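Trainee: Could you choose one part of this model and take me through it closely? I would like to see how its details fit together.

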Amino acid sequence: MALLLLLLAALLVASPTVGAKRRDHAPPRFAGLNSATTCVPGPVGGGRTTTYTLTWDAATDNVSPSGTIVYLVYQANAPAAEDFSTPTYTTSTGATSFATPPLPADRPFYFVVRARDQAGNVDGNTVERQGQNVCV
C-alpha cells in the first residue's frame with residue numbers, strides 16, 4: 001500500500017497539469033481602443049451631458065483566457081494627459097466595450113484602454129482616442 005501511495009504521489013508531481021500552476025509574467029497582447037463615440041444631436045452646450053461608448057477587440061494572453069481579462073479605462077481632458085497610475089474606470093471581465101457615465105457634452109475627452117490579465121499583468125499600449133460626436 002505504501003508503495004502504491006508513493007507511486008501515485010510521484011505521478012502527481014510529474015504531471016504538468018496537476019498541482020503545478022504556470023507562472024504568468026507576460027502582459028496580454030492588446031491593440032488598444034478602436035473608437036470613443038457619442039451622439040449629441042443639435043447644438044452642444046447648455047449643461048448637457050453625454051455618455052461615450054468605447055470599443056475594442058478582445059486581448060489575448062499566454063495564460064488567461066480572453067473572457068477573464070479586464071480592461072482599465074483612462075480618461076483625460078487633454079491629449080496624452082492620462083494618469084496611468086490609477087484607471088478612471090475598470091470593466092467587467094471579457095468586456096469589449098464600455099459606456100462612460102454622463103460627461104459634459106461641451107468639453108473634449110480623451111481615452112486609453114489597457115488590458116489586465118488574471119495575474120495582474122497590464123499591457124502598455126498608448127493608443128488614445130478623442131471622444132467623437134457622430135451626430136453633428
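Mentor: Let's begin with two rings: Y89 and F98 are both buried, where buried means under 20% relative accessible area, exposed over 50% and partly exposed in between, with a 1.4 Å probe and protein chains only. Keep in mind that this is a predicted model, in which local features need pLDDT of at least 70, side-chain atom pairs count only at pLDDT 80 or more, and totals for chains, interfaces and linings use all residues. Residues are numbered from 1 along each chain as its sequence is written, and side-chain values use heavy atoms, with hydrogens and water left out.

A search of the whole structure turns up 6 aromatic pairs. For Y89 and F98, the ring centres are 5.1 Å apart and the planes meet at 35 degrees, so this pair is tilted. The rule is that rings of Phe, Tyr and Trp (its six-membered ring) pair if their centres lie within 6.5 Å; planes under 30 degrees apart are stacked, over 60 edge-to-face, and the rest tilted. Ring pairs also join F30, W56 and Y71 into a cluster.

Y71 brings us to strand β4, the part I'd like to look at closely. β4 spans residues 70–76, and 7 of its 7 residues are buried. Strands here are DSSP runs of E with at least two residues, helices are H or I runs of at least four, and both are numbered from the N terminus. Both faces of β4 are covered: V70, L72, Y74 and A76 are buried on one side, and Y71, V73 and Q75 on the other.

Now for the partners of β4. Strand β8 (residues 110–116) pairs with β4 in the antiparallel sense over 7 bridges; two strands pair if DSSP finds at least two bridges between them. Within β8, F111 is the bridge partner of Q75. β4 also runs antiparallel to strand β5 (residues 89–90), joined by 2 bridges, and there L72 stands opposite T90.

R114 is worth a look too. R114 lies over the face of Y74, 6.0 Å from the ring centre, while its charged end sits over the ring of F84 at 3.7 Å from the centre. The cut-offs are NZ of Lys or CZ of Arg within 6 Å of the ring centre and within 35 degrees of the ring normal.

For contrast, turn to an open sheet of 4 strands, ordered β6-β3-β1-β10 with mixed pairing. Its edges are β6 (97–99) and β10 (132–133), each with a single partner strand, so one side of each has no neighbour in the sheet. Strand β1 (residues 33–38) runs parallel to β10, with 2 bridges between them; there T38 stands opposite N133. T38 has 6% relative accessibility and counts as buried. The side chain of T38 reaches the backbone oxygen of T51 at 2.8 Å. Leaving out residues up to four places away in sequence, T38 touches T50, T51, Y52, Q132, N133, V134 and C135, with contact meaning heavy atoms within 4.5 Å.

Finally, step back to the whole protein. Its secondary structure comes to 1 helix and 10 strands, and buried residues make up 33% of its 136 residues. Of the contacts with a separation of 6 or more, 66% are between residues 24 or more positions apart.

Methods:
A polar contact is a pair of N or O atoms within 3.5 Å; within protein, one must be able to donate a hydrogen and the other to accept it, and residues adjacent in sequence count only if both atoms are side-chain atoms.
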